[in-house]
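Work through these short exercises with the structure open beside you. Try each task before you read its solution.

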There are 2 protein chains.
Amino acid sequence: MENLSENLLQYISNQNSHEIGALFESHYAIDIALALQTLDDQDLEGFCRLVGNEQLASVLEEGSLILRKRIVNLIDAERIVSVFTYMSSDDITDIVGEMPLDQRKKLLRMMRSSDSQTIEKLLGYGPDTAGGNMTTEYIALRNSLKISEALNKIKMIGPKTEVIEVLFVVNDSNELIGTADLRDILTTAGDAELDQITDKNLIAVYPETDQEEVSQLVSKYDLKAIPVINHRHAILGIITVDDIIDIIVEEYTEDFLMVSGVSKDETIHSTLPESIRRRLPWLYVNLAAVMLASFTVALFEDVIAQVVALAVAMPIVAGLGGNAGFQTLSVVIRSITLGEVNLHNGWHLVIKEIALGLIHGLSVGVVAGLVLYLKYGNVYLGLIIVAAMVGNLIIAGLFGYLVPLILRQLNIDPAVASSIFVTTATDVFGFFAFLGLARLFLPYLL
Amino acid sequence: MENLSENLLQYISNQNSHEIGALFESHYAIDIALALQTLDDQDLEGFCRLVGNEQLASVLEEGSLILRKRIVNLIDAERIVSVFTYMSSDDITDIVGEMPLDQRKKLLRMMRSSDSQTIEKLLGYGPDTAGGNMTTEYIALRNSLKISEALNKIKMIGPKTEVIEVLFVVNDSNELIGTADLRDILTTAGDAELDQITDKNLIAVYPETDQEEVSQLVSKYDLKAIPVINHRHAILGIITVDDIIDIIVEEYTEDFLMVSGVSKDETIHSTLPESIRRRLPWLYVNLAAVMLASFTVALFEDVIAQVVALAVAMPIVAGLGGNAGFQTLSVVIRSITLGEVNLHNGWHLVIKEIALGLIHGLSVGVVAGLVLYLKYGNVYLGLIIVAAMVGNLIIAGLFGYLVPLILRQLNIDPAVASSIFVTTATDVFGFFAFLGLARLFLPYLL
């Protein structure tokens with residue numbers, strides 16, 4: 001990597017376009033794009049001047065959002081349009097979609113009208129939908145074609161498409177009716193009809209289908225590409241498996257970060273103001289939740305004033321409850337992502353969580369109770385903490401199970417909001433149960 | 001789905017093998033496998049009797065671990081061996097690997113020796129390595145072949161392989177030297193040499209390479225399959241992109257669950273004893289951590305006895321610290337997974353986390369301080385909580401950033417152990433800072 005950046009810099013300062021072109025023979029475009037990220041604008045502009053349109057297109061396709069923006073700002077609109085002719089429609093759409101509106105309009109006017117229409121259509125789909133992820137570079141063949149004709153078409157169109165192992169087969173009314181495997185085309189007699197080797201068990205999605213659902217289908221059926229169709233069954237585009245991998249990574253990262261109150265868009269390289277903007281609101285939400293817990297404690301100030309040991313022991317009850325709730329939460333959120341569970345299919349699972357809360361509460365509570373007894377020499381304090389922990393871990397199981405499912409039912413992403421509700425519940429209930437029991441049995445604690 | 005199960009049951013009770021065979025024409029094997037899971041052993045045995053070996057193979061390839069075991073136990077060893085001839089080596093290895101040792105040996109003895117050797121070799125690789133995920137069904141072609149000869153080989157071997165869009169090219173010493181794109185083979189003159197269209201920028205892994213690294217390479221370079229080679233550069237197998245998707249899902253799920261103290265092997269359908277075995281140890285670890293926090297509070301019993309408001313306010317300091325630490329933690333763990341960060345490359349990132357702690361601590365602390373001032377009418381109490389929160393959120397940022405990176409350096413999975421260290425640090429420091437400041441300024445609080 002180091003080397004590649006140095007080579008690039010050297011060739012740029014020597015204006016050696018031949019050597020730069022040769023780099024694209026010996027390296028992957030993604031690695032060149034990563035090396036380009038380290039250059040300053042002047043060198044990057046030099047690179048753009050020295051490199052051909054096809055190579056620049058490959059860098060734009062592989063580069064990060066930031067690199068794309070920088071390059072697009074360094075070259076003029078006419079060149080952008082020429083570079084676009086080497087790129088697939090989904091990548092062009094991503095780039096055009098990030099431009100200011102006036103620049104976008106100018107570019108679209110300069111493109112061939114068939115191309116600009118495609119891009120404008122793709123721009124209309126939400127970024128998290130099937131339409132927002134599809135490309136229009138696929139091979140669709142009429143089912144009445146002879147195998148030999150189909151093969152000729154594949155040879156002709158193949159180099160411009162993203163997938164050739166799977167061909168999409170349409171009927172005379174242009175409806176997608178199935179897929180054909182290139183293996184079968186290669187091994188079937190040339191005068192047979194394509195229809196005969198078409199697999200009619202079609203898995204397809206609509207442009208508005210959520211990308212998470214799309215990725216689940218591709219993963220379940222081990223597809224190399226999934227077609228996107230409209231409601232008249234005409235094929236609009238395809239989503240290829242490499243884009244599906246990006247979607248899966250994005251969706252999982254989202255779950256992982258959001259459960260901790262971090263926006264999915266924050267990375268380690270976010271600037272300080274960006275990080276503040278993304279994290280601080282969540283800390284305020286959390287402050288409100290913790291205040292609620294704090295006010296619960298305030299209800300029992302008189303009790304604590306008499307038995308200070310309670311202030312020492314109460315973080316144990318709340319802490320363990322939060323932890324147990326998080327365990328249940330994670331298992332349930334994962335199951336929701338996998339489509340394994342919903343609010344209606346598992347009351348026996350609620351029973352299981354209650355049983356877990358009981359058993360875990362007793363197991364952990366007895367140890368905590370024993371330690372407190374040894375420290376303060378009061379057996380009732382020990383018994384009270386056991387009871388409070390059993391109660392709180394049952395609450396943790398109940399809330400950990402029900403909160404994400406209820407949020408899902410309300411169409412709120414369970415990864416975002418579940419943890420705050422669950423930990424607030426275990427904090428508030430934990431303090432209330434423990435301190436409430438202490439008030440009830442106060443004479444025995446003094 | 002409901003329908004498919006019912007149809008299956010009906011055809012099984014009528015012993016209608018023709019209709020069962022037809023189901024495989026109209027449905028995907030994965031859906032049939034899912035429907036079979038709902039049948040009892042007697043019906044499943046009936047199904048196995050009525051269905052052909054090729055169809056049974058497709059169900060075994062797609063079915064869950066449990067279904068595979070049930071089917072293997074219902075049919076005799078000879079039939080298993082026949083069914084295996086329709087399956088790819090990685091799936092056979094998975095099934096054989098789950099068998100008791102004596103059954104496994106018996107089966108391997110019954111297989112063709114070339115096949116059993118392949119399986120035994122694959123069984124030798126760890127399940128989380130490239131070797132443990134590879135299949136031996138690929139197309140490797142000599143680089144000196146003419147294009148027309150290559151195409152004939154592809155037509156011959158293609159139907160038995162998992163990928164045909166990418167062909168693997170070897171030299172005369174059987175070293176893997178690159179890949180060829182089927183598009184180029186289809187469009188190049190038949191008398192050209194395969195070597196001419198071979199892309200020699202080879203991305204390959206060794207059998208012992210960790211599966212996470214493999215999935216990162218496939219995702220970065222948008223590969224359809226990645227070859228596994230030995231140290232003499234001979235190709236041993238390939239890993240296809242559908243298996244890569246499974247790996248990615250597995251790795252992310254692992255991170256997601258482990259950060260909450262749940263084993264990656266727990267699902268919503270785990271039995272009660274299983275869930276206890278997986279979760280309870282972590283709760284004990286957590287108990288130890290919370291005890292540490294509790295003992296910190298115990299150091300200040302005398303102070304709390306005089307100012308009970310401290311017991312009310314202290315959960316706020318600890319709670320916010322834990323939350324802020326979790327935010328940093330999640331961003332860092334995600335960046336580690338993406339290979340973006342290590343212990344040596346970002347001291348400016350530590351500075352950023354400290355700055356975030358300062359700013360967030362002030363922002364949230366001032367609100368908390370104001371509320372406490374309004375409630376208790378003591379301005380010093382408010383000032384103390386601001387100071388404690390600034391300190392604790394800086395600690396949260398520092399620990400949230402450094403703990404996962406240090407664990408990674410020590411080869412401990414940061415997703416597993418980070419959160420316990422970070423929350424313990426914020427609990428202990430939060431209580432210590434807040435109550436310690438309170439002792440220092442005790443006269444002003446009374």
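**Exercise 1: the interface**

Count the residues that meet where chain A and chain B are in contact.

*Solution.* Keep in mind that this is a predicted model. Take the chain A side: 111 residues are in contact with chain B. Now take the chain B side: 111 residues are in contact with chain A.

Next, find the area. About 9,900 Å² is buried between chain A and chain B. Carbon and sulfur atoms give 69% of that area. Then look for the residues of chain A that lose the most area to chain B: they are Phe256(A), Ile268(A) and Arg334(A). Together they make up 8% of what that side buries.

**Exercise 2: polar links and the chain A side**

How many salt bridges are there between chain A and chain B?

*Solution.* The count is 4 salt bridges. Check one pair: the side chains of Arg279(A) and Glu353(B), with N to O at 3.1 Å. The cut-off is 4 Å, so a pair within it qualifies.

Now turn to polar contacts. Across the interface of chain A and chain B, 36 residue pairs are found, with both residues at pLDDT 80 or more. Helix α18 (residues 309-337) of chain A gives the largest share of the side that touches chain B, with 19 residues. Sort that side of chain A by type: 64 nonpolar, 25 polar and 22 charged residues.

**Exercise 3: domains of chain A**

Into which domains is chain A divided?

*Solution.* List them along the chain: domain 1 (2-124), domain 2 (140-245) and domain 3 (272-445). Then take the C-alpha centres of domain 1 and domain 3 of chain A: 52 Å separate them.

Conventions:
Residues numbered from 1 in each chain as written. Chains lettered and ligands numbered in written order. Predicted model: local features only at pLDDT ≥ 70, side-chain atom pairs only at ≥ 80, totals over all residues. Heavy atoms only, no water. Contact = heavy atoms within 4.5 Å. Buried area = accessible area lost by both parts, 1.4 Å probe. Polar contact = N/O pair within 3.5 Å; in protein donor to acceptor, adjacent residues only side chain to side chain. Helix = DSSP H or I, 4+ residues; strand = E, 2+ residues; numbered from the N terminus. Nonpolar A, V, L, I, M, F, W, Y, C, P; charged D, E, K, R; others polar. Domains from an automatic or database assignment.
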